[in-house]
Amino acid sequence: IIGLAPGAHGANRTGRMFTGDSSGNTLFAALHRAGFANQPRSHSRDDGLRLHDTFISAVVRCVPPKNRPTADEIAQCQPFLAREIGLLSNLQVVLALGRTAFQGYLRLLKASGYRGSRLSFQHGLEVQLPSPLPTLFASYHPSQRNTQTGLLTPEMLDELLERIRHTLKKSGRRP
């Protein structure tokens, strides 16, 4: 899972992405319902949360002003994301949370030599990339703004995570 950046009052405070903020409340509840987390909430680094077949990262490493990282910030952080992804030896699926994460991941692919067709962000998008690249999924970011306005509902997130679960089962991975 790739998000935007650590939250000022979430990950920066707790040391774990999406932990201790409203975005995390939405995300971890959905991950729990889908079987990717052992509990529906995460409030601190030592709260007992365990993720199953899931790793969470971000395209930016520092809290960007007004949650709008510059292109330079994203470029400066790209090697860190590339290294993390490179360490995931059995990566089957990437879920990009939000347009910035989606575009950041595509920039990373392009920098790695991928020359596929131009992709546009939309919630629920599923892209079968050429092997050995993982299948790419896109979702609206689980921010409070998106969930309170109904742009992203728990049902939408559940449906997407179920599709991801199905993709993993098809690949032989047990989610």
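Which residues in α3 meet which residues in α4? Let's start there, and keep in mind that this is a predicted model.

On the α3 side we have Ile-74, Gln-78, Leu-81, Ala-82 and Ile-85, and they meet Thr-100, Tyr-105, Arg-107, Leu-108 and Ala-111 in α4. Sort the residues of this contact by class and you get seven nonpolar, two polar and one charged. As for the geometry, the axes of the two helices, α3 and α4, come within 10 Å and cross at roughly 75°. Angles from 65 to 115 degrees count as roughly perpendicular, so that is the word for how α3 sits relative to α4.

Okay, let's step back to the whole chain. There are six helices and five strands. If you walk along the sequence, the pattern goes β-α-α-β-α-β-α-β-β-α-α. The chain has 175 residues, and 47% of them count as buried. Now take contacts between residues at least 6 apart in sequence: 57% of those join residues at least 24 apart.

Next up, the inside. In soluble globular proteins, nonpolar side chains tend to be buried together. Here, the largest nonpolar core has 25 residues. Which of its members touch the most other members? Those would be Ile-2, Phe-102, Tyr-105, Leu-129 and Leu-136. Four elements each supply at least two residues of this core: α3, which is 71–87, β3, which is 93–97, α4, which is 99–111, and β5, which is 135–139. Among those, α4 gives the most, with six residues. You've already met Tyr-105, by the way, on the α4 side of the helix contact.

Have a look at Phe-102 on your screen. Skip its neighbours within four places in sequence, and Phe-102 is in contact with Ala-96, Leu-119, Ser-120, Phe-121, Leu-125, Leu-136 and Ala-138. There's also a second, separate core, with 23 residues, including Met-17, Leu-27, Val-93 and Ile-164.

Now for β3. Is this strand enclosed or open? Well, five of its five residues are buried, so β3 is largely enclosed by the rest of the structure. The side chains split two ways: Val-93, Leu-95 and Leu-97 point one way, while Val-94 and Ala-96 point the other way. Remember that Val-93 belongs to the second core, and that Ala-96 is in contact with Phe-102.

So what does β3 pair with? Its partner here is β5, in the parallel sense, over five bridges. Zoom in on Val-94, which stands opposite Leu-136 in β5. Those two are 42 residues apart in sequence, but their C-alpha atoms are 4.9 Å apart in space. Val-94 has a relative accessibility of 4%, and anything under 20% is called buried, so Val-94 counts as buried. Leaving out the neighbours within four places in sequence, Val-94 is in contact with Ile-2, Tyr-105, Pro-134, Thr-135, Leu-136 and Phe-137. Of those, Ile-2, Tyr-105 and Leu-136 are names you heard when we talked about the largest core.

Let's move on to a loop, the one between α2, residues 22–33, and β2, residues 57–58. I picked three residues from there. Leu-49 is found in this loop, and at 4% relative accessibility Leu-49 counts as buried. The C-alpha atoms of Leu-49 and Asn-38 are separated by 6.2 Å, and the two residues are 11 apart along the chain.

Gly-35 is in the loop between α2 and β2 as well, but at 27% relative accessibility Gly-35 counts as partly exposed. Beyond its neighbours within four places in sequence, Gly-35 is in contact with His-52 and Arg-165. From Gly-35 to Leu-51, C-alpha to C-alpha, it's 8.8 Å in space and 16 residues in sequence.

My third pick from the α2–β2 loop is Asp-53. Asp-53 is partly exposed, at 38% relative accessibility. What about its backbone? Most residues other than glycine have a negative phi, and most peptide bonds are trans. Asp-53 has a positive phi of about 55°, although it is not a glycine.

And there's a peptide bond to point out too. Going from Ser-131 to Pro-132, the bond is cis, with omega near 10°. Pro-132 lies in the loop between β4, residues 126–127, and β5. That's the β5 that pairs with β3.

How values were computed. Residues are numbered from 1 along each chain as its sequence is written. This is a predicted model: local features need pLDDT of at least 70, side-chain atom pairs count only at pLDDT 80 or more; totals for chains, interfaces and linings use all residues. Side-chain values use heavy atoms; hydrogens and water are left out. A nonpolar core is a set of buried Ala, Val, Leu, Ile, Met, Phe, Trp, Tyr and Cys residues joined through side-chain atoms within 4.5 Å. Buried means under 20% relative accessible area, exposed over 50%, partly exposed in between (1.4 Å probe, protein chains only). Contact means heavy atoms within 4.5 Å. Two strands pair if DSSP finds at least two bridges between them. Axes are lines fitted to C-alpha atoms, for helices over the stretch in contact, and angles run from 0 to 180 degrees between N-to-C directions. Angles under 35 degrees count as roughly parallel, over 145 as roughly antiparallel, 65 to 115 as roughly perpendicular and the rest as oblique. Ala, Val, Leu, Ile, Met, Phe, Trp, Tyr, Cys and Pro count as nonpolar, Asp, Glu, Lys and Arg as charged, and the others, Gly among them, as polar.
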